[in-house]
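Biologist: I am new to this structure. Please take one part, the sheet, and walk me through it closely. Which strands pair, and what packs with them?

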Amino acid sequence: MVKVALFVRLEAKPGKEKDVEQFLLGGLPLVQEEPATTAWFGIRLGPSTFGIFDAFPDEAGRQAHLTGKVAAALMAQASDLFSSPPAIEKVDVLAAKLPGS
């Protein structure tokens, strides 16, 4: 069961939309290595607005993700890809339906 999550809003710099899309696609193999990342989604909210939503069973899993490879890559490329710093919000999961639940 997931109890906590992250919602990260990303605004691509003009002309960097495809690069952000590729960044998100490339993040999937990295999070597949994280046992406590129960669900992870790279999403597009609009023409230049993207996001990441990921969920975890507990705070320890969320913290492990925040110090993991995807977070490091996100921060390393932030100034090149995004018009503003990623907006990272810690959220609580009230209800969820996942495979096997």
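Modeller: Four strands make an open sheet, in the order β2-β3-β1-β4. The pairing is antiparallel. Keep in mind that this is a predicted model. β2 (39–44) and β4 are the edge strands, and each pairs on one side only. On average, neighbouring strands are turned by 15 degrees against each other, direction ignored.

Now go across the sheet. Start at β2, which pairs with β3 in the antiparallel sense over six bridges. Here isoleucine 43 has glycine 51 in β3 as its bridge partner. Next, β3 pairs with β1 over eight bridges, again in the antiparallel sense. In this pairing, valine 4 stands opposite phenylalanine 56 of β3. Last comes β4 (residues 87–92), which shares six antiparallel bridges with β1. Leucine 6 has lysine 90 in β4 as its bridge partner.

Then look at the packing. The largest nonpolar core has 15 residues. Leu10, Val20, Leu24, Phe50, Ile52, Leu74 and Phe82 touch the most other members. Two strands, β1 (4–11) and β3 (49–56), and two helices, α1 (17–31) and α3 (69–81), each give two or more residues to this core. A second, separate core has five residues, among them Val2, Ala39, Ala55 and Val93.

Finish with phenylalanine 50. Leaving aside neighbours within four places in sequence, its contacts include Val8, Leu10 and Ala12. Val20, Glu21 and Leu24 are also among the contacts of phenylalanine 50. So are Ile43, Arg44 and Leu45.

Technical notes. Residues numbered from 1 in each chain as written. Predicted model: local features only at pLDDT ≥ 70, side-chain atom pairs only at ≥ 80, totals over all residues. Heavy atoms only, no water. Core = buried A, V, L, I, M, F, W, Y, C linked by side-chain atoms within 4.5 Å. Buried < 20%, exposed > 50% of the residue type's maximum accessible area, 1.4 Å probe, protein only. Contact = heavy atoms within 4.5 Å. Pairing = 2+ DSSP bridges. Axes fitted to C-alpha atoms, helices over the stretch in contact; angles between N-to-C directions.
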